[in-house]
Amino acid sequence: MRFVLFVGIVQSILFLGHWFLYRTLVRFFGLANPSVLLTTRVGMALLSVSLVGTSFLAFRYSNLLARCLYTGAASWLGIFYFLILATILAWVLYGLAKLFHFPLDRKILIEILIGMAFVASAYGFINAGVVRITRINVQLPGLSNSWKGKTAVWVSDTHLGPVRNFGFAQKIAAMVQDLHPDIIFVGGDLYDGEAVDLDEVIEPFSRISAPYGTYFITGNHEEFYDNAKYLQAVRRAGMRVLYNEKVELDGLQIIGVDYRDTRREEPFRTILQKIGIDRQKPSILLKHAPFHLQVARDHGITLQLSGHTHHGQVFLFRFITSRVYQGYDYGLKGFGDLLVYTSSGAGTWGPPMRVDTNPEIVVIQFL
């Protein structure tokens, strides 16, 4: 029932949004021809159900047709978002012009704003494919000399699935290998959660190597249902899954926790207590979402690496993520004695676009 309610709410919002877009186009362009109106209504109706409809297909099938339909619907969602922003701004500007008796051609106004929406969308699609390398330096108290000068790579939120699949995995894996890191961390949402050949899509990751190995933790997209199939595929690709456990490498504690088990504060505290963290030694916590930072701090964690937020991914949403994650939605910041780095992620979820944020792979150098 909860899932049905969620789908119903999403579809209702999409219906209302497309209706608003339709009414705005009719008013500002002065559409009156019955055949044009009918075509526009039918088009808007089909577009309004495209995301939900193709999502059901993408969760069940991984063939070329399903992937193309879902990619098209996800791309339209991004364009639709900017068109809605454009139409809202059109009504505001038109209303102000009327209020102050300023002559304004509403057709020219909507043409300019829709043009800007399409330009922003095109930029977003291109920008999402340009993965940046972000370099940070961290100084961990008590770190042994054997780690100083070495580098770790943090990759999160690739969202491999219908939209970004084998080709994108190949690109990310090549970028990581070219960095020649000493250790690699894969921070969850490696998969998007829809139907996909799990082994094939991450095969490029099996070709990357690092002296200290590659370590993986789950994200929420690996845990829509049973996460076992994802964990098995990750292990077959040669990555070590840290499932609420710790490994120690030359005096550095690497701790990985499961997304589902650490969503709430008390279970998260219990997990860290059971792991048995040595406060006298430096530690890195791999945790998909930057929630409950006080728990990591209280257990003496030195550095937490997170993702999940995408830094909002598209224009305006990063202001929401900043509020939800209390300013820890992106970048390197301190939380008492705890250092936190939250990545914007390498891939995308939903619309395959990035506007006002950039995709990244993070290189951490230990000083």
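A salt bridge here is a side-chain nitrogen of Lys or Arg within 4 Å of a carboxyl oxygen of Asp or Glu. The model is predicted, so local features need pLDDT of at least 70 and side-chain atom pairs count only at pLDDT 80 or more, while totals for chains, interfaces and linings use all residues. Residues are numbered from 1 along each chain as its sequence is written, and side-chain values use heavy atoms, with hydrogens and water left out.

**Exercise 1. Work out which residues are linked in a network of salt bridges with Arg269.**

Step 1. Start with the pair Glu265 and Arg269, whose side chains form a salt bridge at 3.2 Å, N to O. They sit four residues apart in helix α8 (residues 265-275), so about one helical turn separates them. Helices are DSSP runs of H or I with at least four residues, strands are E runs of at least two, and both are numbered from the N terminus.

Step 2. Now take Glu266: its side chain meets that of Arg269 in a salt bridge of 4.0 Å, N to O. Both belong to α8, three residues apart, again about one turn. An α-helix has 3.6 residues a turn, so residues three or four places apart point the same way.

Step 3. Put it together: the network links Glu265, Glu266, Arg269, Arg297 and Asp298.

Step 4. Check accessibility, where buried means under 20% relative accessible area, exposed over 50%, and partly exposed in between (1.4 Å probe, protein chains only). Arg269 comes out buried at 17%, whereas Glu265 is partly exposed at 27%.

Step 5. For context, the whole structure has ten salt bridges. One of them joins Arg240 to Glu245, with the closest N and O atoms 3.4 Å apart. Here Arg240 is partly exposed at 39%, and so is Glu245 at 27%.

**Exercise 2. Describe what surrounds the side chain of Asn227, and decide whether Asn227 is buried or exposed.**

Step 1. Find Asn227 in the loop between β4 (214-216) and α7 (228-236).

Step 2. Read off the accessibility: 7%, so Asn227 is buried.

Step 3. List the polar contacts (N or O atoms within 3.5 Å; within protein, one must be able to donate a hydrogen and the other to accept it, and residues adjacent in sequence count only if both atoms are side-chain atoms). The Asn227 side chain reaches that of Glu223 at 2.8 Å and that of Tyr243 at 3.4 Å.

Step 4. Widen the search to contacts, meaning heavy atoms within 4.5 Å. Setting aside neighbours within four places in sequence, Asn227 touches Thr218, Glu222, Tyr243 and Asp258.

**Exercise 3. Find which residues of α7 are buried and what covers them.**

Step 1. Pick out Tyr230, Leu231, Ala233 and Val234 as buried in α7. Down the axis they fall within an arc of 160 degrees (taken from the directions from the helix axis to the C-beta atoms), so they line one face of the helix.

Step 2. Look at the cover, which includes α6 (198-201), β4 and β5.

Step 3. Trace β4 and β5 into the open sheet of six strands, ordered β1-β12-β2-β3-β4-β5 with mixed pairing. Strands pair if DSSP finds at least two bridges between them. The edges are β1 (132-138) and β5 (240-241), each pairing on one side only.

Step 4. Finish with β3 (residues 183-186), which runs parallel to β4 and is joined to it by three bridges; Ile184 stands opposite Thr214 in β4.
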